[in-house]
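Good morning, colleagues. Please have the sequence and the coordinates open before you, as I shall refer to individual residues throughout.

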Amino acid sequence: KRGKHQLGSAKWNTLESKGFFETERVRFELLDRGRNWVNVTVLDEDTSKPVPCRVHFRSPEGIPYQPHGHHNHVNSNLGTMHNDIGGDLRLGQITYAYIDGTCQGWLPRGDVIVDVARGFEYEPLRTKISIEPGQQEVTLRLKRWTNMNAQGWYSGDSHVHFLSTQGSHTESLAEDLNVVNLLQSQWGSLFSSTEEFTGSPSISRVGNNIVYVSQENRQHFLGHISLWGLKKPVMPWCSGQAGEAEMGSSLETTLSHWADEAHSQGGYVISPHFPVTNGEPAALIATGRLDAIEMLRRTDFNQNEYYRYLNCGYRIPLVGGTDKMSSDVPVGFYRTYAQLGENEFTYDNWCRAVQQGKTFLSGGPMMHFSVDGKEIGDTLEIPGPGTVEVHAWAESTLPIDVLEIIQEGRVVASVESKRGTRRLEIREQIKIDENTWLAARTGGGGLLHPHKQMNLRGVFGHTSPIYVACGGDWWMFDESTARYMLTMIEGDLSYLQHKSPQDMSGNITHHHGEANHADYLERPFHEARSAIHNRMHKLGISH
């Protein structure tokens, strides 16, 4: 019908017997041509053993037939945080089920389109199979094209929310990810993953897979901070106004104090989704409180903010993570590869490799970068001005179109592919006149997903720097960045003194136990200002 007007009609038994029926204005077609309950096994091509992965099944007409117990279509795009969370993934209009290598459920007879994927080191599979009447078994195979673990590189997501520990194991094993930093946090009166904290790593019984539950502590003006490897909680989780902390709350602490508490128990401190929110990061960097910076976006703004601190002489590693909050984001979609070399794969060894700068960020590509044989995170010492040989390559199942060598934020060598390719490589002689740093980055065309969490996350890779010391100890300084940092610090102090919500003096006993709360809040910013002034004085620059 259209409204009350009938356009055509058909008898059900005719549809069942013929599969279709046509009138002058309407074609009726029976899309369910019969179904079989099918057991599916996905094998690793090299080991012939079931391999965790994500799968999607659909008819040629686009009707999904997901494994039993999984969504045919993940609920999202609702404009709220009330989305389906665990066990499934939605990319665009395709919903995947995370499986351990086996699953079962209904599949339609006839042609079935299958999508299977497992992280970035396996060839994704899209194929068409045929289900015959009575058939109850299907075997699929995935092929690994590279093995980064065998080369000493182990991958991790720096930043995940809302999953359970077991859910993190399930999804990360299916994405071929070694480490998940599952971060508790707070949104007003909503506290996430409260029951998951143990103060120790959860190690999977199968595969090289570790989940560690820690925290992302948040403040709406000063910013957010990720604390890895906590042995005990760092309280309060969030502070100062609704959205982060509880409604009506006051500013109880700063990111710097949270960082100090994490370091005091052997933890690690990361600036998440750098440089947003860009309140306290300058003070954290000036005082050496950051172990790494996380980049979630492939934009000039994100990259240039990172480069400015490197140019000012701050050696800060780069990590990749997702800030995953729903099933619209695969765990490890942006990930950190850390080089452990001969060291055993443990959570602490992985974090120490990150802290040492032996990392590259990947949104698809695998990367290699060396300068005169020195590897990512190393310092190359040369006696004076001269040239160095740079070697970089990037390889990916997702097409890449550019590979660049970056020196102090400038592109000094590059190679491109207009159509996109799986591999790009550079060997180049680079002139060195003074202390500097070099890094490699790569990218591919197009954005992969329209969801707001996935915006601007195209195919991307970026190494941490290799530092070149020319004729002495490595040292760099950029006066414009130093003054920029001082401006940021003055803005933080102005916020603390004039805008931040604080309880009346004497009305409250604070968690830190100090009598003067204002002095407690402001102390890290005075430390940061002094640290920058001291660096300026060494060069005879007035402030």
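Which residue in β10 does D44 stand opposite? The partner of D44 is L142. I should say at once that this is a predicted model.

Let me place that pair in its sheet. Strand β3, residues 35-44, pairs with β10 in the parallel sense, over 6 bridges. The sheet is open and consists of 3 strands in the order β7-β3-β10, with mixed pairing. Because β7 (102-108) and β10 (137-142) each have a single partner strand, they stand at the edges, and one side of each is left without a neighbour in the sheet. On average, and ignoring direction, neighbouring strands here are turned by 35 degrees against each other.

I turn next to helix α2, residues 165-174. How many of its 10 residues are buried? The count is 8, so the helix is mostly covered. Among the buried residues are H169, E171 and L173. At the N-terminal end, S164 acts as the cap, with a side-chain oxygen 2.9 Å from the backbone nitrogen of G167. After the helix comes D176, which has a positive phi near 55 degrees.

Finally, consider R289, in the loop between α4 (281-286) and β18 (292-295). Is this arginine buried or exposed? R289 counts as buried because its relative accessibility is 9%, and the cut-off for burial is under 20%. Its side chain makes a polar contact of 2.9 Å with the side chain of D260. Beyond its neighbours within four places in sequence, R289 also contacts residues including H263, L284, P524 and E527.

Note on methods: Residues numbered from 1 in each chain as written. Predicted model: local features only at pLDDT ≥ 70, side-chain atom pairs only at ≥ 80, totals over all residues. Heavy atoms only, no water. Pairing = 2+ DSSP bridges. Helix = DSSP H or I, 4+ residues; strand = E, 2+ residues; numbered from the N terminus. Axes fitted to C-alpha atoms, helices over the stretch in contact; angles between N-to-C directions. Buried < 20%, exposed > 50% of the residue type's maximum accessible area, 1.4 Å probe, protein only. Polar contact = N/O pair within 3.5 Å; in protein donor to acceptor, adjacent residues only side chain to side chain. Contact = heavy atoms within 4.5 Å.
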